[in-house]
Amino acid sequence: MGFPKGFVWGAAASSYQIEGAAHEDGKGLSTWDTFCQKAGTIWNGQSGDTACDHYHRYEEDVGLMKQIGLQAYRLSISWPRVVPQGTGAINPKGLEFYDRLTDKLLAADISPYVTLFHWDYPDELYRRGGWLNRDSSDWFAEYVKVVVEKLSDRVKYWITLNEPQCFIGLGHQFGFHAPGDKLEFAEVLIAAHNALLAHGKAIQAIRAYSKIKSQIGLASVGIVNVPATDSSEDVEAARHAMFSVTSKDCWNNTWWTEPVLFGRYPEDGWELFGSDIPPIQDKDMKTICQPQDFLGVNIYFGQRTRASKDGQPEAVPFPVGHAMTAFRFPVSPEALYWGPRFLWERYQLPIVITENGMSNIDWASLDGKVHDPQRIDFLHRYLLELQRACKHGVEVHGYFQWSILDNFEWTEGYKERYGLVYVDYPTQKRILKDSAYWYKKVIASNGATLGKL
Ligand code: FCB
């Protein structure tokens, strides 16, 4: 019953989304700080200036994690808080914040999983070309070294980049996210290539400077195709679609996972992108393809797929009235079965679900509690599917619920509430939602309560 022995139960958040203290203690500006200042970028003109004020309230927040019984917490480091200009001078106060947070977590018996880049890019480096600059991967490696030298006597788990599909695609091709650029596709691919180089060089830096043996992975967006039926044709169609590149954007798995894990760009993407692909230097693919210990994937939903008459993958829309989260993602628990399964079959690398969760319309009821039955049902259904994957031999090492706290949901501002813990932003009061108490039982039983609660 339950999940495999040693399975890790956690929750996640990221620096810009929860820390606040955007202009304190020597922190430099990030592209999200400047992007939020631009009119019309963020819902209701909001920003992460204060967010959950986690920078000042981290002790209370770690206390809440402990109360929920988390075994691990996935946090991210704000690059400009640690190296305000992106390269060069270090900000000791910024670094000390993560030092104290690490100690606090370990004292609570919570294992830190540290993401080195979850989108808050130093504004100063953006002015020097950002990800378009060939030097950007060296800038990143320099910052990674600083962090690793400080924390690696205690931190074992590292995640290089969070969702390159999003910060390159949404940030540099479509302009919805910081820095808000709408580049030509050829330039988007340069930025993508440099981000992949940054991933590789970050791993090299961690391996070179870590004081203990580390475990390293990427957190990719898990774009999941779920077979519409169990027929072998539909399963094959979904598998094929999941590992294909079919449009000139960043929204696919393989343009990111194959260089990183196989040391080459996928052939179909290579053909489709053609002359837009930048010149690749000889050693680049070797640098990008560093040995990794796990594949992190953020999975929120799946796309139903079947084999058309000619055998090609074909999208199958969800029926009218199908359940949706407040963010308007279709509720599709099978994504946590097929996603890990297909990825495991192809890459043979242990999977960590680095994010999964839902935004819900939560508020504090008259009884002072936050009742979120939809989130409980959502997590329950998804975790049962993940359990099924484990039972079928897929090696899954851990699961991180997104998110520990309600937080700043990028362009959606504070409209979307993803937390296990409710945050009343004007007072910064935290309230554990019903789902937090439910998750506590799941963790304590290593998932054996699933199907029964
Ligand atoms: C993911 C991001 C994370 C959060 C969730 C809801 O794409 O990695 O920061 O916004 O979506």
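**A parallel barrel, its pockets and its cavities**

Helix α16, spanning residues 434-444, lies across two strands, β1 (8-12) and β11 (396-402), and runs at about 150° to β1. The model described here is a predicted one. Both of those strands belong to a barrel that eight strands close in the order β1-β2-β3-β4-β5-β7-β10-β11, with parallel pairing. On average, and ignoring direction, neighbouring strands of this sheet are turned by 25° against each other. As a reminder, strands of a sheet pair through backbone hydrogen bonds, either parallel or antiparallel.

Strand β4 makes a handy way into the barrel. On one side, β4 (residues 157-162) pairs with β3 (residues 111-117) in the parallel sense, over four bridges. Two of the residue pairs can be picked out by name: Val-114 has Trp-158 of β4 as its bridge partner, and Phe-117 has Leu-161 of β4. β4 also pairs with β5, again in the parallel sense and over four bridges. Here Ile-159 stands opposite Gly-217 in β5. How buried is β4? Six of its six residues are buried, so the strand is largely enclosed by the rest of the structure.

Next comes β5, which covers residues 215-221 and includes Gln-215. Is Gln-215 buried or partly exposed? Its relative accessibility is 24%, and a residue counts as buried only under 20%, so Gln-215 comes out as partly exposed. Leaving aside residues up to four places away in sequence, Gln-215 touches Lys-156, Tyr-157, Trp-158, Asp-293 and Phe-294. Of these contacts, Tyr-157 and Trp-158 fall within the residue range of β4 (157-162). For a sense of distance across the model, the C-alpha atoms of Gln-215 and Ala-448 are 27 Å apart, with the two positions 233 residues apart along the chain.

Leu-383 offers a contrasting case. This residue is found in helix α15, residues 373-391, and is buried, with a relative accessible area of 0%. Which residues does Leu-383 touch, not counting those up to four places away in sequence? The list is Phe-3, Trp-9, Tyr-399, Trp-438, Val-442 and Leu-450. Several of these sit in elements already met: Trp-9 falls in β1 (8-12) and Tyr-399 in β11 (396-402), while Trp-438 and Val-442 fall in α16 (434-444). Leu-383 and Tyr-337 are 46 residues apart along the chain, and their C-alpha atoms are separated by 9.0 Å.

Now for the empty space. The largest pocket holds about 610 Å³. Its lining is made up of 28 residues, and the closest to the pocket centre are Glu-163, Cys-166, Trp-251, Phe-327 and Phe-329. By class, this lining has 16 nonpolar, eight polar and four charged residues. The second largest pocket comes to about 260 Å³. It is lined by 15 residues, of which Asn-225, Ala-241, Ser-244, Thr-246 and Trp-251 are the closest to its centre. Trp-251 thus appears among the residues closest to the centre for the largest pocket and for the second largest pocket. Which helix gives the most to the lining of the second largest pocket? That is α10 (residues 232-242), with three residues. The lining of this pocket divides into six nonpolar, eight polar and one charged.

Cavities were looked for as well, and a search of the whole structure finds three of 30 Å³ or more. The largest cavity has a volume of about 100 Å³. Among the 13 residues lining this cavity, Thr-31, Tyr-121, His-172, Ala-178 and Pro-179 are the closest to its centre. Helices α2 (31-37) and α8 (164-173) each supply at least two lining residues. Charged residues are absent from this lining, which has nine nonpolar and four polar ones.

The second largest cavity comes to about 40 Å³. Its lining consists of Ser-14, Ser-15, Ile-18, Glu-19, His-54, Tyr-73, Leu-75, Ser-76, Phe-97, Tyr-98 and Leu-101. Two or more of these residues come from each of α1 (15-18), β2 (72-76) and α5 (92-107), and β2 is itself one of the barrel strands. Sorted by class, the lining of the second largest cavity has six nonpolar, four polar and one charged.

Terms used: Residues are numbered from 1 along each chain as its sequence is written. This is a predicted model: local features need pLDDT of at least 70, side-chain atom pairs count only at pLDDT 80 or more; totals for chains, interfaces and linings use all residues. Side-chain values use heavy atoms; hydrogens and water are left out. Two strands pair if DSSP finds at least two bridges between them. Axes are lines fitted to C-alpha atoms, for helices over the stretch in contact, and angles run from 0 to 180 degrees between N-to-C directions. Contact means heavy atoms within 4.5 Å. On a 1 Å grid over the protein atoms alone, a cavity is a set of points where a 1.4 Å probe fits but cannot get out, and a pocket is an open set with protein on both sides within 12 Å along at least five of seven lines; lining residues have an atom within 4 Å of a point. Grid points are joined across faces, edges and corners, and a volume is the space filled by probe spheres set on the points. Ala, Val, Leu, Ile, Met, Phe, Trp, Tyr, Cys and Pro count as nonpolar, Asp, Glu, Lys and Arg as charged, and the others, Gly among them, as polar. Buried means under 20% relative accessible area, exposed over 50%, partly exposed in between (1.4 Å probe, protein chains only).
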